[in-house]
Amino acid sequence: MDNSTQESHHLRSDSTATYESPYPLYGMAISSTRNHHNHHRIAVGSFIEDYNNRVDFLSFDPDTLTLKPQPSLSFDHPYPPTKLMFHPKSDLLASSGDFLRLWEVRDNAVEPISVLNNSKTSEFCAPLTSFDWNEIEPKRIGTCSIDTTCTIWDIEKSCVETQLIAHDKEVYDIAWGEAGVFASVSADGSVRIFDLRDKEHSTIIYESPQPDTPLLRLAWNKQDVRYMATILMDSNKVVILDIRSPAMPVAELERHKASVNAIAWAPQSSRHICSGGDDTNALIWELPTVAGPNGIDPMTMYSAGSEINQLQWSAAQPDWIAIAFANKLQLLKV
C-alpha cells in the first residue's frame, strides 16, 4: 500500500464545535466518563504568564454541536497547567505545573485532593513539564521535570514509587507503554525507554539527527505498542519510531509548513495519527505499510484560525479531535 500520492481532503467546518475563552488556552483533557446529562466533560487550562491561572469545564453535546461552560466547576490554578488529564475510568483530574495536583470533579464543584511534591529536601518542586496516567495501572502517574528526572507516583498512597534521573537535560514529555514501562523525551535529543523492573538501565531508541536538538513531545501508540511518535524543536517533521528497530525512524511525516507542536495517535486505530502546528493546520495521517519514494501525504487537513498549540484524540470520543489555538478550543469531527 503506497500512500505517497494520496489526495488529502479538508474537514468541513459544519462538523466542528467551538468554545471561545477569555484567555489563551493550552492544557486540555476529555473525561472518560459522562456527566448527569450524559455528556462528556472537557477541562481547559489557561495560559497566562502569571501565577494566577484558571481551569474551566465544558459539557459537549455532539447532537447539537455545542460546548456549554460549567462555571460552577471552574477553579483557580497556580501557574499555567502544563498538562491536564482525567483518570482513565473516573472523574479524577490531574494537573501539572509547580506540582502534580489531583482534583475530584463532582456535579457542581471541584475539590482539591492532593498536592504531590517529589522533592525530598524542599517545599518547592522543580517545574513539571508533563505527565502521563497509566491506563493499565491507574494508581500510577509518571511525571517529568526540568530537573532531568522522571517520578512515578502511587496516587492512592500519595507517595513516590520511584524517581529516576532519566536524561542529561530537561525532560519534556513522558508516556506509558505498559503497566511498568514508560518512555521519555528530553532537551538532550533522545527518546529513552525505562522498565520499572530494571531501574538501573534505559534503552535509547532514537536521537536527534543534529546533536542536542530537543525532542518536545512523545506519543506511544496504544493500539500497537511497537510504535511511538516524537517531534523535534522548531521542526516541521513528525518522527515515527518502531521500538524493534532503534535509531532509524520508520517514517517521517513532513507536510507541515512550520513547526509541529502536538501529536496524538488515534485511540481506535494503530495506523492513524494527528499532528498540529504553527502553520495553523491539523493533519490526520494514515501510515502506509510501505512509504513511497515521495513521502507520505496526510489523508485529512483542517485549518484553524491560528497556530495550534495542543490537540487531544480521546478514547472516550474517538470520532472527535480537540485542538487548542489562541483562546479557542475546537472539536473536529473525523
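**Antiparallel sheets, a buried arginine and the largest pocket**

In this predicted model, strands S20, S21, S22 and S23 are arranged in that order as an open sheet of four strands with antiparallel pairing. The edges of the sheet are formed by strand S20 (215–220) and strand S23 (251–253), each of which pairs on one side only. From one strand to the next, the twist averages 25°. Within this sheet, strand S21 (residues 227–232) and strand S22 (residues 238–242) run antiparallel and are joined by five bridges. Met228 has Leu241 in S22 as its bridge partner.

Two aspartates in loops next to strands of this sheet have an unusual backbone setting. Most residues other than glycine have a negative phi, and most peptide bonds are trans. Asp234, in the loop between S21 and S22, has a positive phi of about 55° although it is not a glycine. The relative accessible area of Asp234 is 67%, and this residue is therefore classed as exposed, the cut-off for that class being over 50%. Asp212 also is not a glycine and has a positive phi, here of about 65°. The loop that holds Asp212 runs between strand S19 (198–207) and S20. With a relative accessibility of 48%, Asp212 counts as partly exposed.

A further open sheet of four strands follows the order S8-S9-S10-S11, and its pairing is antiparallel. S8 and strand S11 (110–116) are the edge strands; each has a single partner strand, so one side of each is left without a neighbour in the sheet. The twist in this sheet averages 20° from one strand to the next.

The pairing can be followed across the sheet from S8 to S11. Strand S8 (residues 83–86) pairs with S9 in the antiparallel sense over four bridges, and Lys83 stands opposite Ser96 in S9. These two strands form a hairpin with five residues between them. S9 is in turn joined by five bridges to strand S10 (residues 100–105), and the two run antiparallel. Here the bridge partner of Ala94 is Leu102 in S10. The hairpin that joins S9 to S10 passes through three residues. S10 and S11 are also paired in the antiparallel sense, over six bridges, with Trp103 opposite Pro112 in S11.

Strand S9 (residues 92–96) is largely enclosed by the rest of the structure, because five of its five residues are buried. In a regular strand the side chains alternate between the two faces of the sheet. In S9, Leu92, Ala94 and Ser96 point one way, whereas Leu93 and Ser95 point the other way, and all are buried. Ser96, the residue opposite Lys83 of S8, and Ala94, the bridge partner of Leu102, thus belong to the group that points one way from S9 together with Leu92.

Arg140 is placed in strand S13 (residues 140–145). Its relative accessible area is 14%, and Arg140 is therefore counted as buried, since that class requires a value under 20%. The side chain of Arg140 makes a polar contact of 2.6 Å with the side chain of Glu161. When neighbours within four places in sequence are left aside, the residues in contact with Arg140 are Asp132, Trp133, Asn134, Ile152, Trp153, Glu161, Trp176, Ala179, Gly180 and Leu196. Glu161 thus appears both in this set of contacts and as the polar partner of the arginine side chain.

Rolling a probe the size of a water molecule over the atoms shows where empty space is left. The largest pocket has a volume of about 890 Å³. It is lined by 38 residues, of which Lys83, Met85, Asp132, Gln312 and Trp313 are the closest to its centre. Two or more lining residues come from each of S3 (25–34), S8, S12 (128–133), S16 (171–178), S20, S24 (260–265) and S28 (308–313). Strand S3 gives the most to the lining, with six residues.

Several features described above meet at this pocket. Lys83, among the residues closest to its centre, is the residue that stands opposite Ser96 in S9. Asp132, also in that central group, is one of the residues in contact with Arg140. The edge strands S8 and S20 are both among the elements that give two or more residues to the lining.

Note on methods: Residues numbered from 1 in each chain as written. Predicted model: local features only at pLDDT ≥ 70, side-chain atom pairs only at ≥ 80, totals over all residues. Heavy atoms only, no water. Pairing = 2+ DSSP bridges. Axes fitted to C-alpha atoms, helices over the stretch in contact; angles between N-to-C directions. Buried < 20%, exposed > 50% of the residue type's maximum accessible area, 1.4 Å probe, protein only. Polar contact = N/O pair within 3.5 Å; in protein donor to acceptor, adjacent residues only side chain to side chain. Contact = heavy atoms within 4.5 Å. 1 Å grid on protein atoms, 1.4 Å probe; cavity = no way out; pocket = protein on both sides within 12 Å on 5 of 7 lines; lining within 4 Å. Points joined across faces, edges and corners; volume = space filled by probe spheres on them.
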